[in-house]
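I opened my notebook to record what I looked up, one place at a time. The entries follow the order in which I went through the chain.

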Amino acid sequence: MVLADNDMLVDEYEQYNHDRTDVVVVSRAGSEEEPEAVSVANDYQATMARVLPKEPDLETEAETYNTWHIQDWRKLRRREHGPIFDCGGFPWRILFFPHGNHVEHASFYLEHAWEKDPPENWYACVQFALVLWNVNEPSIHVFHVATHRYNADEGDWGFTRFFELRKLFHTEWDGQGVPLVQNDEANITAYVRIVKDPTGVLWHSFQNYDSKRETGMVGLRNQGATCYLNSLLQSLYFTNGFRKAVYQIPTEAEASKDNSAWTLQRLFYSLQTSEASVPTTELTASFGWESRQIFEQQDVQELCRKLMERLEEKMKGTPAERALPDLFVGKTKTYISCINVDFESSRIEDFWDIQLNVRGNKTLDDSFKDYIQVETLEGENKYDAGPPYGLQDARKGVIFESFPPVLHLHLKRFEYDINRDAMMKLNDRHAFPMEFDATPYLSSDADNSEPWIYQLHGVLVHSGDFNAGHYYAYLKPTKDGYFYRFDDDKVIRATEKEVLDENYGGEYDLTNGTIGVRQPYARGLSTKRSMNAYMLVYIRKSRLNEVLVDITPDDVPTHLEKRLAEERAEIARRKKEREEAHLYISIGILTEGSFKSHHGFDLTSQDLLAGDPALPKQYRVLRSKKVGEFINQIADEKNLSPHQVRFWVMVNRQNKTTRPDQVIKDHDMTVEETYTRFGTKGNAFRLWMEVGSDGTMPWPDSTNSILIFLKHFDAPAQTLTGVGSVYIRKNQKVAELAPVILEKMNWPPGTDFSLFEEIKHTMVDPMKPKQTFQQSEIQDGDIICFQRVLKESELPQNALYPEARQYYDYLLNRTNVKFAPIKTNEGDEFSLTLSRKMTYDQVSKKVGEHLNIDPTHLRFAQVTMSTGKPKPFIKRNNNQNLLQILNGQYGVYGYTVHRTDALYYEVLETSLSEYETKKCLKVTWLPEGITKEQVFEILVPRHGNISDLLAGLQKKVNIDDETMQCVRVYETHNAKIYKELSLNFNIAGITDFVNVYAEKIPEDENSMHDGDRVINAFNFDRESNKPHGVPFKFVIKSVSAQYAFWISSHTYKLQGEIFKETKERLSKRTGIKGKQFDKIKFAIVPRLMYSTPRYLEDDDILSDIVNDPEDLLGLDHVSKSRGFWNRGESFFIR
């Protein structure tokens, strides 16, 4: 950093808020911090050891010290340099401001001393101390310490406020009778140590940091709160076998940005080939995510599972069908094994990841041992092994049958705190190794043909607490390479200490009375590290070559590579256009053809959709190009002679219309000069292109002739269309325009028509035939509209606007409204152009005409701006027009809370007036257990009862009378059964806060035996306070249908139904079968909130366990719309 004499130099420690922390120490000899033994500054070795101790994690490359004897301090210039000395082969010196660098303190800095710029890409990581000491009394000294990464941009570093000048010269030093600076002289010693940079980014400021250049890899951009997504995607991307499998998904036929497999392929290819960080917006959009999902942090484990499920679906029937299970799926065995007899009950299950407890476990090994710990069933808790063994002592537990090549371990850092009644983050220390042997956690039947040794591949870290935090990942992209930190858009090489020790969590080593350390993303101080591992990725060492297989160009789908190459070429072209934009001007050309395609105000409109033929054709023209050259270009394009073409400049009039104003006569002017002289500053440059007959006839005389434009309003067709341009004479009467119009329209002589002048959008006036055009104030560029005079009987019924002025008013008030069915499968989306002045009934009529239905059977609802959901239906009121319907009421901040260009519609079974006398109830019909839901809206008299509801349901579903005798209706709240509704229950008692279900009563309930009971069942996701899905009733059998055996002569014992049999009935009752049913865990859940579920085993007897009539049967399985972090919004991948 080179400064002029009047420049202010401040240490960058104050100037910037870096991520790193530089240590600044001020110490006076004899202060409380110093040891009792007096230290002297001229004992250089001892001083260096004291003020600049070596850090054990950093390797020293070179170190030295150098002393500068400062004389005549107060006579020195504003800025001085000490002698140059060498350290590590680099020149160094002290930069000194004797009178302070704009402060009342002496200012000292250490700077590199290259005569010119340092060598290209030079840098040095330096620890240094500057010690100022009394020449005669070396025990009088003061020092400061700092670290800095020196480079060409940051060539000096130090201390603007090294020490107060007044005290240096006039204050006695701790009773020694002299100040530090005595007789205007002092010594300053620089202790310099250059350390080896272990990662290439030691003490880096990360300004202008280029991940690709430094590491060969790029990061992912954070959309708001998508760091958790970025860390997982990078982990999966560098699991090369996964990336290869993703590339194998066929996407050529469905290469759209709605296809998540296609966008994931694009993302991975961009990570491979991009020079800069890659956005994830396409991927999240293909998931169907909106801003609320993007700005809420979600759970990494859940995201991983959802993504795997969706990709598995995409891979079915492709070469990659088994790729994901072969990479990520292992097997566990849940067992109960008798101790004294040879009997075992067991179940083998697949797993994609393992959740390990952190609480109570200090290491990964402890967590695995905790996972497979064995429970002994004895005494009153003996296991019933069935005939012939009966009750037996047994061991119960889980053991691993196999681990997958890629092992995802989720550490349970978040758990429910019953004392705080909230989810909390657990920051306890939990150590994990670089390698571990998984053999001790496997069953004796496991395949040991190759070692079960796993090597660490990735550490996903969460920094912060439950409510706020940040995710990043440490990953090892290659088998024998380094770990790197992937922190959103930055990729940084990392040390082993950063990967392991700094992510164990646990207590800080606090010294000197420090009460805590400030944590990122958290308030206050903490004694525990909030940065700790949340997910670990290990790869089996014997499968490293398979998992980290090289990705070759042949692995990338050809269509993917081609598509992205085309897009990048287009981006480069646009970038070049932007860079050269100052050399060009955009000119819009209007022609006779574009005018004849126009159906609105003026000669064209800015509101037209792209591609509309009435829009001016755009030309990108060099500003230096001459008008004559541009005319030649256009004439050549139109196959005309240049003499046939002349341009009129379009200008914005004061009445807010845009019309041709004057001819460009000087063809030697440049385009830029023409725009500056004739165009409207700040507006688009538009020209009207006039085409002469053959180029030989002279152009009309501008002193006597006027160029006007004619439009035709067709009342029967309700259209306004440009007809063309004509010249008229100023002294010509308006009536003399008739022959021209009759000829252009091919109308017979004597046809009556009216004339109007389109003055501006809000002013269309009839013209007087006997006045001259000059008296009518007609000028170049004016528009005259004409329409035939018709009787009312000659107009069709749907002609709302019989006169041009009325139609112009419609154009002024017209708006394009989008209509969508309130239920997506009950109609089409469409758009209609309507007038804001239309009444409710007129809008209904137009929509009814489009849908070909009775308009009295329609009702409408506004669309919520933020969610797109319907608001309450609009009440029919003919005193309210469309403008009022669309704008509605404004929010508290003055803006509408719903869209002003869209409405939902619903087609009713009856007229709206009749509908309003009834109540609409939403009922879910369950035809097949709980797997199939059919939602119907039933109209019931407001004072009707459940029998009326069932009658309506029977009609909707077409249920026969016999079945209807066995149909019941029940209410649910929070996904649990609230109560069953009798036939005479008044529907007025059904609130909007409950769901209503109807089903045929199962045969089990109709044929119950003595002792059988009914239990209410519900679904939950991992925690019983997270219910979901359809609750149902289920029969508990008191006696097994299969077990009756002798226990003594002439005596029967009837055994209750074991849960293995119960599950068969549960499968039939719910309609859930196969693998989906096998994933469900069953539990008895007490009604009390936050009670602990008791999970059921195959040999349990439900009738023996359920004693409290308030108990519920819980089905623990993943919700189809699971919410993250207890938030209300559901998470999904489309």
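Before anything else I noted how strands are named here: a strand, written E, is a DSSP run of at least two residues, and the runs are numbered from the N terminus. I also noted that this is a predicted model.

**Entry on a proline pair.** I looked up Pro-388 and found this residue in the loop between strand E15 (383-384) and strand E16 (391-392). I then checked the peptide bond from Pro-387 to Pro-388, which is cis, with omega near 5°. I wrote beside this that most peptide bonds are trans.

**Entry on two positive phi values.** I reminded myself that most residues other than glycine have a negative phi. Which phi does Asn-208 have? I read a value near 60°, which is positive, in a residue that is not glycine. Asn-208 sits in the loop between strand E10 (186-195) and helix H4 (211-215). Because its relative accessibility is 74%, Asn-208 counts as exposed, the cut-off for exposed being over 50%.

I made a similar note for Glu-777, whose phi is near 60° and therefore positive in a residue other than glycine. Glu-777 belongs to the loop between strand E37 (763-766) and strand E38 (783-788). Is Glu-777 buried or exposed? Its relative accessible area is 65%, so Glu-777 is exposed.

**Entry on a threonine in a loop.** I went next to Thr-604, which is placed in the loop between helix H16 (592-596) and strand E30 (617-622). Thr-604 has a relative accessible area of 10% and is therefore buried, since buried means under 20%. I asked which residues Thr-604 is in contact with, leaving aside its neighbours within four places in sequence. I listed Leu-590, His-598, Ala-614, Leu-615, Pro-616 and Arg-686. For Ala-614 I also noted a distance, as its backbone oxygen lies 2.8 Å from a polar atom of the Thr-604 side chain.

**Entry on a sheet.** Last, I traced an open sheet of 4 strands, whose order is E12-E11-E17-E14 and whose pairing is antiparallel. Which strands are at the edges? They are strand E12 (344-351) and strand E14 (375-377), and each of them pairs on one side only. On average, and with direction ignored, neighbouring strands of this sheet are turned by 25° against each other.

I followed one pairing further: E14 and strand E17 (residues 394-402) run in the antiparallel sense and are joined over 3 bridges. One of my notes here concerns Thr-376, whose bridge partner in E17 is Arg-395.

How values were computed. Residues numbered from 1 in each chain as written. Predicted model: local features only at pLDDT ≥ 70, side-chain atom pairs only at ≥ 80, totals over all residues. Heavy atoms only, no water. Buried < 20%, exposed > 50% of the residue type's maximum accessible area, 1.4 Å probe, protein only. Polar contact = N/O pair within 3.5 Å; in protein donor to acceptor, adjacent residues only side chain to side chain. Contact = heavy atoms within 4.5 Å. Pairing = 2+ DSSP bridges. Axes fitted to C-alpha atoms, helices over the stretch in contact; angles between N-to-C directions.
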